[in-house]
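Visitor: Could you take me through one spot in this model up close, and then follow the chain outward from there? I work at the bench, so plain talk is fine.

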Amino acid sequence: MLNYRQLHYFWVVAKTGSIVRACEQLNLTPQTISGQISLLEETYGIELFRRVGRQLELTEAGRQTLPYAEQMFQLGGELERMLRTQPNEQQILFRVGVADVVPKSIVYRLIAPTMELSEPLRITCREDKLERLLADLAIQRLDMVISDSPMPSHLDIKGYSQKLGECGISFFATAELAAQYGKDFPRSLHGAPLLIPGAETVVRSRLQRWFAEQQIQPRIVGEFDDSALMQAFGQSGSGIFIGPSVIADEVKRQCGVEAIGQTDAVSESFYAISVERKVKHPGIVAITEGARRELFTAL
């Protein structure tokens with residue numbers, strides 16, 4: 001079986017660049033570190049380092065070994081931090097992944113019901129690209145992923161999607177832009193400066209298809225994967241921007257903008273993805289029930 005202590009010494013030497021620096025970090029003698037690395041090399045009949053002058057350089061075998069050691073000890077570090085910060089036994093850990101294309105206001109309103117549970121939860125949220133979040137879900141580093149699309153069919157990952165709800169979209173603008181483009185919606189959008197979601201979002205293609213059907217061609221001035229950044233540009237007057245109609249009042253209040261139009265012909269959908277077909281985690285249950293009861297109309 002692989003000797004992880006020997007591998008750890010190899011990793012520290014490779015990261016620090018010398019046995020002397022590794023000794024300072026590990027508080028060990030050079031003989032101990034070099035001896036343990038030699039034993040690792042002898043076990044597998046390989047050479048991990050070669051000496052070039054006074055420097056140590058990785059051999060080809062060493063270069064191939066390093067990424068594995070890197071990942072193993074990074075995960076080990078995460079495990080140690082997790083164990084040291086374990087919640088007390090009365091708390092239930094709830095790890096939520098959020099696809100970076102989902103509006104932050106929607107995320108908050110979806111997760112908010114979990115804060116009112118009688119069972120105390122400790123919630124951790126992580127935002128990332130959907131495929132990376134689903135990879136972590138598959139190895140149970142997350143309990144649930146919130147996304148604007150169901151589980152992609154091309155991924156070889158076991159997961160189940162629950163539709164939380166859907167709504168139309170609204171178009172927002174500063175008072176100055178609203179005065180110029182707010183009348184005769186949606187025809188007024190023809191030639192208007194528009195900020196749109198990035199290509200990775202589901203709503204992007206639906207929006208473009210609707211524009212084509214309406215024979216409207218706005219002037220695209222910006223594309224954003226992050227809805228909060230799109231709102232910031234819209235708030236500054238850079239262009240008209242869109243958002244889910246279900247949070248229209250919140251967007252107007254927070255950004256100081258006006259809604260110049262709304263359509264249900266373009267909809268945004270939101271999903272909870274988990275590895276359980278029959279959901280048992282109280283956090284996921286609270287989110288799914290709260291979404292259908294309070295945030296979205298019944299599906």
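Let's start with asparagine 27: does this residue count as buried or exposed?

Guide: Exposed. Keep in mind that we're looking at a predicted model. Asparagine 27 has a relative accessibility of 68%, and because the cut-off for exposed is over 50%, that residue falls in the exposed class. You'll find asparagine 27 in the loop between helix H2 (19-26) and H3. Its backbone deserves a look too: phi is near 60°, a positive value in a residue other than glycine. For context, most residues other than glycine have a negative phi.

There's a second case of that kind further along. Glutamine 215 has phi near 55°, again positive in a residue that isn't glycine. The setting is a loop as well, between helix H8 (202-214) and strand E8 (219-224). Glutamine 215 counts as exposed because its relative accessibility is 64%, and exposed means over 50%. While we're on the backbone, have a look at the bond from phenylalanine 185 to proline 186: that peptide bond is cis, with omega near 5°. In general, most peptide bonds are trans. Proline 186 sits in the loop between helix H7 (175-181) and strand E7 (193-197).

Back to the loop we started in. One of the helices beside asparagine 27 is H3, so let's follow that one, using the helix limits as assigned. H3 covers residues 30-44, and its axis comes within 8 Å of the axis of H1 (residues 4-16), with the two crossing at roughly 115°. The crossing of H1 past H3 is left-handed. On the H1 side, the contact is made by Gln6, Leu7, Tyr9, Phe10 and Val13, and H3 answers with Ile33, Gln36, Ile37, Leu39 and Leu40. Sort those residues by class and you get eight nonpolar, two polar and no charged.

Next, the nonpolar interior. The largest nonpolar core has 60 residues, and Val102, Leu110, Phe171, Leu207 and Ile240 have the most contacts inside it. Strand E6 (residues 160-173) gives the most to this core, with six residues. Take valine 102 as an example: leaving out neighbours within four places in sequence, its contacts are Val107, Ile146, Ser147, Asp148, Ser227 and Phe270. Apart from that core lies another one, of 18 residues, and Phe10, Leu58, Ala69 and Phe73 are among them. Phe10 is also one of the H1 residues in the contact with H3, which brings us back towards the loop where you began.

Now for the charges. Side chains of opposite charge can pair when their charged atoms come close. This model has 17 salt bridges. One of them joins aspartate 100 to lysine 129, with the closest N and O atoms 3.1 Å apart. The two partners come from distant parts of the chain, 29 residues apart: aspartate 100 is in the loop between strand E3 (92-99) and helix H5 (104-111), and lysine 129 is in the loop between strand E4 (121-128) and helix H6 (130-138). Aspartate 100 counts as buried because 15% relative accessibility is under the 20% limit. Lysine 129, at 22%, is partly exposed.

Another pair is lysine 104 with glutamate 127, where the closest N and O atoms are 2.9 Å apart. Here helix H5 supplies lysine 104 and strand E4 supplies glutamate 127, and the partners are 23 residues apart. Lysine 104 is partly exposed at 33%, and glutamate 127 is partly exposed at 40%.

A third salt bridge brings together the side chains of arginine 126 and aspartate 128, at 3.3 Å from N to O. Arginine 126 is partly exposed, with 30% relative accessible area, whereas aspartate 128 is buried, at 16%. This pair belongs to a network: shared partners join Glu78, Arg126, Asp128, Arg132, Asp136 and Arg141 through salt bridges.

One last stop: leucine 229, in helix H9 (residues 227-235). Leucine 229 counts as partly exposed, at 43% relative accessibility. From leucine 229 to phenylalanine 211 you go 18 residues in sequence and 23 Å in space, C-alpha to C-alpha.

Conventions. Residues are numbered from 1 along each chain as its sequence is written. This is a predicted model: local features need pLDDT of at least 70, side-chain atom pairs count only at pLDDT 80 or more; totals for chains, interfaces and linings use all residues. Side-chain values use heavy atoms; hydrogens and water are left out. Axes are lines fitted to C-alpha atoms, for helices over the stretch in contact, and angles run from 0 to 180 degrees between N-to-C directions. Helices (H or I, at least four residues) and strands (E, at least two) are DSSP runs, numbered from the N terminus. A crossing is left-handed if the near helix is turned anticlockwise from the far one by less than a right angle, and right-handed if clockwise. Contact means heavy atoms within 4.5 Å. Ala, Val, Leu, Ile, Met, Phe, Trp, Tyr, Cys and Pro count as nonpolar, Asp, Glu, Lys and Arg as charged, and the others, Gly among them, as polar. A nonpolar core is a set of buried Ala, Val, Leu, Ile, Met, Phe, Trp, Tyr and Cys residues joined through side-chain atoms within 4.5 Å. Buried means under 20% relative accessible area, exposed over 50%, partly exposed in between (1.4 Å probe, protein chains only). A salt bridge is a side-chain nitrogen of Lys or Arg within 4 Å of a carboxyl oxygen of Asp or Glu.
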